[in-house]
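Hi,

Here is the structure I promised to pass on. Have a look at it first, and then read my notes below.

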Amino acid sequence: FTCSFLDTDRALVLLEEYCKKLRKPEEQQLKKAIRKVMGIFKSSLFQALLGSFTKKATRHGTISHPSLPAAVAYDVHGCPKD
């Protein structure tokens, strides 16, 4: 399927939910890293690149692998990326 802004929004929701579960002191470094990824997803540069990627994917047909945001969210939750 193609990468989209909805994928990014869903990834952000999943990452936020996961961050809320990270309460132990040893999990704070992971939580900080996830927050950085969330900041990147929200950045105007990432959104512009995503828009460009989506336009190219639409012109060339669909993409056979998950979008980057979805792949990151799945990986954070320990699920397979494919």
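What span should the 15 residues of H2 have at 1.5 Å a residue, and how far apart are its end C-alpha atoms? The expected span is 21 Å, and the end C-alpha atoms are 21 Å apart, which agrees. (The expected span of a helix is 1.5 Å times one less than its number of residues.)

Before you go further: this is a predicted model, where local features need pLDDT of at least 70 and side-chain atom pairs count only at pLDDT 80 or more, while totals for chains, interfaces and linings use all residues. Residues are numbered from 1 along each chain as its sequence is written, and side-chain values use heavy atoms, with hydrogens and water left out.

Now the overall picture. The chain has 4 helices and 0 strands, in the order α-α-α-α from the N terminus. (Helices, H or I with at least four residues, and strands, E with at least two, are DSSP runs numbered from the N terminus.) Of the 82 residues, 29% are buried. Buried means under 20% relative accessible area, exposed means over 50%, and partly exposed is in between, with a 1.4 Å probe and protein chains only.

Back to H2 for a moment. Its buried residues are Ile34, Met38 and Phe41. They cover an arc of only 55° around the axis, so they sit on the same side of H2. (The arc is that of the directions from the helix axis to the C-beta atoms.) Gln29, Lys32 and Lys36 are exposed on the other side of H2.

Those three buried residues turn up again in the largest nonpolar core, together with Ala11, Leu12, Leu15, Tyr18, Cys19, Leu22, Phe46 and Leu50, which makes 11 residues. Helices H1 (5-21), H2 (28-42) and H3 (44-59) each supply at least two of them, and H1 gives the most, with 5. A nonpolar core here is a set of buried Ala, Val, Leu, Ile, Met, Phe, Trp, Tyr and Cys residues joined through side-chain atoms within 4.5 Å.

Finally, look for the salt bridge (a side-chain nitrogen of Lys or Arg within 4 Å of a carboxyl oxygen of Asp or Glu). The count is 1: the side chains of Arg35 and Glu16 meet at 2.9 Å, N to O. Arg35 belongs to H2 and Glu16 to H1, so the pair ties together parts 19 residues apart in sequence. Arg35 is partly exposed at 36% relative accessibility, and Glu16 is partly exposed as well, at 26%.

Cheers
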